[in-house]
Amino acid sequence: MVKGKLVDKSSGEGIARVPVRLGERGAITGPRGTFSISRVEPGRYSFTLNQQSLEPNKRIEQIPSSVLVKGGTTEKLRLEAVEVGAVTGRVRIERREGLAVDSGRVEGLSGALVELDTGQSTRRQFTGKDGTFRFLNVAPKVYTVRLLSRSLPNQTNTEKGEKKVEVVRGDTTETTFMVRPRERNMKLLAPNEGQGEVSEAQSEAQSEPEASDVEKPSGEASEERKASAKGRDPAADGRDPAELFKVQLGAFVEWSNAEFLAQKVLRDGHPVTIQTERQDGQFIFKVQAGSYNSRSEAEGALSQFSQYSPNVFVVPLEDSSPKNR
């Protein structure tokens, strides 16, 4: 037999009408919060409790995942419900405008990964379109809230990526993270060195920015990427630029969206670049991967990139560089 009692931790009063289940057998708590399940054979059984039957601001502090029933004995359980709170907040980013940083424009950052650390387990959540996150049904105690840097746009950092918050019964605790672009030196190439307008990806290669949380690709593909980013002419290596190709994965008007995709591709071990193009007064950020000596070779690689976007296609290297428009 298994007996138990469900009580409110603060008042000690029993909580009635809450379904519990032991294996395939179930019961409902009585007026004093008690329940019993008889005629149970010895063995280990899964144990569940329907927390949706509790008041919206209550949750069970600890629920055993299983119960071991021994022959000739009665197993006793005591379950305590606590009044819970919530941890909410927003991740904000100082948004760059084209190639510059407009310190006056701050908005929510979507797709950032926030972690709530209980000390024993963690809960994670991506921010919504407006940069907000909400952890509900949080038991009263002190937590660590972290903004995971690997989910942030490349070449950005946060002032404080980890914060301690205390959740009080029934209250909502709010916190905010601010993300800002790293300081970088921008430089224009002379006319005889290449394009008059330098893409953001090119400038990063020239100014050697701080190391990010995303591991950069290595090997020949990486060297070719660096050479291309510095405005080097592929013909100097004996190759016709018209015969070099890349795979385009997407084009974005928001830099953070392009960076998010590029980081994912980099983590999978593929060399990737972000090309900046100006169209009708607006900057377009193109995410392109790989470097292939022929169109047929590039087309053969399309399948491995289809996991990132359903509309990947091949572009010549000469068409993937920034153009003045």
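1. In what order do the strands of the open four-stranded sheet run, and with what pairing? In this predicted model, the order is 19-20-18-21, and the pairing is antiparallel. At the edges stand strand 19, which covers 272–279, and strand 21, which covers 313–316, each of them pairing on one side only. Taken on average and with direction ignored, neighbouring strands of this sheet are turned by 45° against each other.

2. Within the sheet, the pairing of strand 18 (residues 245–252) with strand 20 (residues 282–292) deserves a separate look, since the model shows six bridges between these two antiparallel strands. A useful place to begin when inspecting the sheet is Gly250, which stands opposite Val287 in strand 20.

3. The sheet also carries a helix: helix 3, made of residues 255–267, packs on it and touches strand 18, strand 19 and strand 20. The direction of this helix makes about 160° with that of strand 19.

4. For the aromatic side chains, the count comes to four aromatic pairs. One of them is formed by Phe305 and Tyr308, whose rings lie 6.4 Å apart from centre to centre, with 40° between the planes. The pair is classed as tilted because an angle of 40° falls neither under 30 degrees, as stacked rings would require, nor over 60, as edge-to-face rings would.

5. Are the two partners of this pair buried or exposed? Phe305 has a relative accessible area of 1% and is buried, and Tyr308, at 12% relative accessibility, counts as buried too. Both assignments follow because buried means a relative accessible area under 20%.

6. Two lysines place their charge over an aromatic ring. The charged end of Lys141 sits over the ring of Tyr143, at 5.8 Å from the ring centre, while that of Lys163 sits over the ring of Phe177, at 4.9 Å from its centre.

7. Turning to the chain as a whole, the model contains five helices and 21 strands, and buried residues account for 43% of its 325 residues. If one considers the contacts between residues at least 6 apart in sequence, 60% of them join residues that are at least 24 apart. The accessible surface of the chain comes to about 17800 Å², and carbon and sulfur atoms contribute 44% of that surface.

Key. Residues numbered from 1 in each chain as written. Predicted model: local features only at pLDDT ≥ 70, side-chain atom pairs only at ≥ 80, totals over all residues. Heavy atoms only, no water. Phe/Tyr/Trp six-rings, centres within 6.5 Å; stacked < 30°, edge-to-face > 60°. Buried < 20%, exposed > 50% of the residue type's maximum accessible area, 1.4 Å probe, protein only. Lys NZ or Arg CZ within 6 Å of the ring centre and 35° of its normal. Pairing = 2+ DSSP bridges. Axes fitted to C-alpha atoms, helices over the stretch in contact; angles between N-to-C directions. Contact = heavy atoms within 4.5 Å. Areas by Shrake-Rupley, 256 points an atom, 1.4 Å probe, with all protein chains shown as cover.
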